[in-house]
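Reader: I'm in my first year and still learning how to read a protein model. Could you take one part of this one and walk me through it slowly?

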Amino acid sequence: FRLGLGVALPNMISRWQFLAVGFAFFAIFILLQAFSTNSFSPQPPASQTNCIKLARIEKIMNEVIGRIALLDEKNAQTTDSLRTCQARVAKCNNWSSGIAFELDHHRKWVCGVDCYGPVIGEGWFKYERETKLKGEPIEPHRSRICHLLKNYYADPHHVRVMVDHGAGPFTNLGKWFTCPEDVWSGVGAQVIAVDPLASGYNSILNEFHIHNTLRTSYCKSEILSTCIGKSVADFAVIVNALDHSENPMLGFIESLRVVKVGGLSCVFSIRNEAAHMGGKGFHHWNLDLGSNGDWIITNWDTKLQHNMTQILSEFAQDVPTFGAAEDGQLWKCFKKTHDVPDLFSQI
């Protein structure tokens with residue numbers, strides 16, 4: 001369809017241009033014939049007649065030239081639109097090409113040692129898998145989040161709804177989020193977990209007969225407020241997944257639409273994961289910090305950089321985090337100060 005539209009439309013415009021030029025020459029031919037036509041009615045002087053006829057010819061030619069220019073302009077606009085469309089389709093296809101890789105990774109992870117290898121049965125990876133299979137919050141994310149909430153909320157009972165977007169088959173927040181008693185007691189929050197690959201993850205959970213966790217619902221980060229609503233949550237987080245997004249800038253902005261004014265949205269990620277993975281699978285964005293501490297997102301393919309700290313400054317404030325991330329990790333949080341303007345619906 002794209003090829004057909006891209007070829008047929010310019011050809012169609014060329015035919016109109018050809019017909020317009022043909023019409024112009026025909027008009028000139030008719031008018032020139034009039035020079036040699038005698039009439040029995042009184043005629044003005046020859047010089048005046050010639051000037052009138054030439055003026056008419058000039059008028060017709062200007063109209064023809066104007067029509068041709070208009071067609072050229074429409075042709076150029078159409079060509080630009082087609083190029084934009086093709087670029088968007090290519091971008092979409094680029095993201096979609098990583099779906100199979102991601103689902104395969106998580107299937108092996110759920111399967112365990114037999115599919116993933118011995119590393120999944122050792123150390124922190126063993127803890128993570130076993131804790132997620134129980135539907136409980138994961139450390140160290142749990143304690144980091146609780147320290148952060150304690151600093152910005154006066155009452156633990158004010159934290160009622162939390163969102164984990166890009167949650168994968170298991171949210172890091174658990175079926176019901178609570179804080180360790182020694183950090184901040186009294187927190188009990190409903191968890192909303194979403195991911196664009198939710199249907200694939202649910203099939204994996206069914207395959208391995210896992211039914212005691214919070215099932216992830218479908219939603220892309222880029223349309224989070226459409227799925228969940230605006231200003232409905234107290235806290236939002238995305239863990240090791242924002243760099244997997246088709247548009248991570250818009251995805252994080254949407255997380256700030258979802259939280260209330262005064263609420264927090266955070267991102268945890270491996271720094272420059274696209275570089276580590278060589279652009280493989282979903283990894284087409286590098287998340288890192290600039291020399292001044294600003295949060296920078298760079299496209300792996302185009303090398304185009306986005307200073308998120310500056311982009312978000314109109315409606316969110318960069319806030320200090322607790323439980324600093326280790327070397328090679330990024331832990332960044334923003335407090336929503338104003339409603340997100342509509343002009344930030346695309347970036």
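Leaving aside its neighbours within four places in sequence, which residues is Phe-315 in contact with?

Author: Happy to, and keep in mind that this is a predicted model. Leaving aside the neighbours within four places in sequence, Phe-315 is in contact with Ile-253, Leu-256, Lys-335, Lys-336, Thr-337, His-338, Asp-339, Val-340, Pro-341 and Phe-344. Let's follow some of those names outward.

Start with the nonpolar side of things. Phe-315 belongs to the largest nonpolar core, a set of 31 residues. Phe-315 is also one of the residues there that touch the most other members, along with Phe-252, Leu-256, Leu-287, Trp-295, Met-308 and Leu-312. Which helix gives the most to this core? That's helix 9, with five residues. A second core, separate from this one, has 24 residues, and Leu-149, Met-162, Val-183 and Val-191 are among them.

Now look at helix 9 itself, since two contacts of Phe-315, Ile-253 and Leu-256, are buried residues in that helix. Helix 9 covers residues 248–258, and eleven of its eleven residues are buried, so the rest of the structure largely encloses it. Is it just the greasy residues that are tucked away? Have a look at the list: Glu-254 and Arg-257 are buried in helix 9 too, and so are Pro-248, Gly-251 and Ser-255. Here's a handy general idea to keep in mind when you look at any helix: an α-helix has 3.6 residues a turn, so residues three or four places apart point the same way.

Next, go to the other end of the contact list. Two of the contacts of Phe-315, Lys-336 and Asp-339, also pair up with each other: they form a salt bridge, with their closest N and O atoms 3.9 Å apart. The two partners sit in quite different surroundings. Lys-336 has a relative accessibility of 2%, so it counts as buried because the cut-off is under 20%. Asp-339, at 53%, is exposed.

That pair is part of a set, as the count for the model comes to ten salt bridges. Two others are worth a look because they bring you back towards helix 9 and the strand next to it in the numbering. One joins Lys-220 and Glu-246, whose closest N and O atoms are 3.2 Å apart. Lys-220 is in the loop between strand 4 and helix 8, while Glu-246 is in the loop between strand 5 and helix 9, so this pair links distant parts of the chain, 26 residues apart. Lys-220 is partly exposed at 22% relative accessible area, whereas Glu-246 counts as buried at 18%.

The other salt bridge is between the side chains of Asp-234 and Lys-260, at 3.3 Å from N to O. Asp-234 lies in strand 5 and Lys-260 in strand 6, so the pair ties together parts that are 26 residues apart in sequence. With a relative accessibility of 3%, Asp-234 counts as buried, while Lys-260 counts as partly exposed at 36%.

The loop between strand 5 and helix 9 also holds Asn-240. Phi of Asn-240 is near 50°, a positive value in a residue other than glycine. Asn-240 counts as partly exposed, at 33% relative accessibility. Ser-231, in the loop between helix 8 and strand 5, also has a positive phi, about 55°, although it is not a glycine.

Here's a charged residue to set beside those pairs. Glu-273, in helix 10, is buried yet has no salt bridge. The nearest side chain of opposite charge, Arg-271, is 11 Å away. Not counting residues up to four places away in sequence, Glu-273 touches Asp-243, His-283 and Asn-286.

Finally, step back to the whole chain. The secondary structure comes to eleven helices and eleven strands, and 44% of the 347 residues count as buried. Among contacts between residues at least 6 apart in sequence, 68% join residues at least 24 apart.

Methods:
Residues are numbered from 1 along each chain as its sequence is written. This is a predicted model: local features need pLDDT of at least 70, side-chain atom pairs count only at pLDDT 80 or more; totals for chains, interfaces and linings use all residues. Side-chain values use heavy atoms; hydrogens and water are left out. Helices (H or I, at least four residues) and strands (E, at least two) are DSSP runs, numbered from the N terminus. Buried means under 20% relative accessible area, exposed over 50%, partly exposed in between (1.4 Å probe, protein chains only). Lys and Arg count as positive and Asp and Glu as negative; His and the chain ends are not counted. A salt bridge is a side-chain nitrogen of Lys or Arg within 4 Å of a carboxyl oxygen of Asp or Glu. Contact means heavy atoms within 4.5 Å. A nonpolar core is a set of buried Ala, Val, Leu, Ile, Met, Phe, Trp, Tyr and Cys residues joined through side-chain atoms within 4.5 Å.
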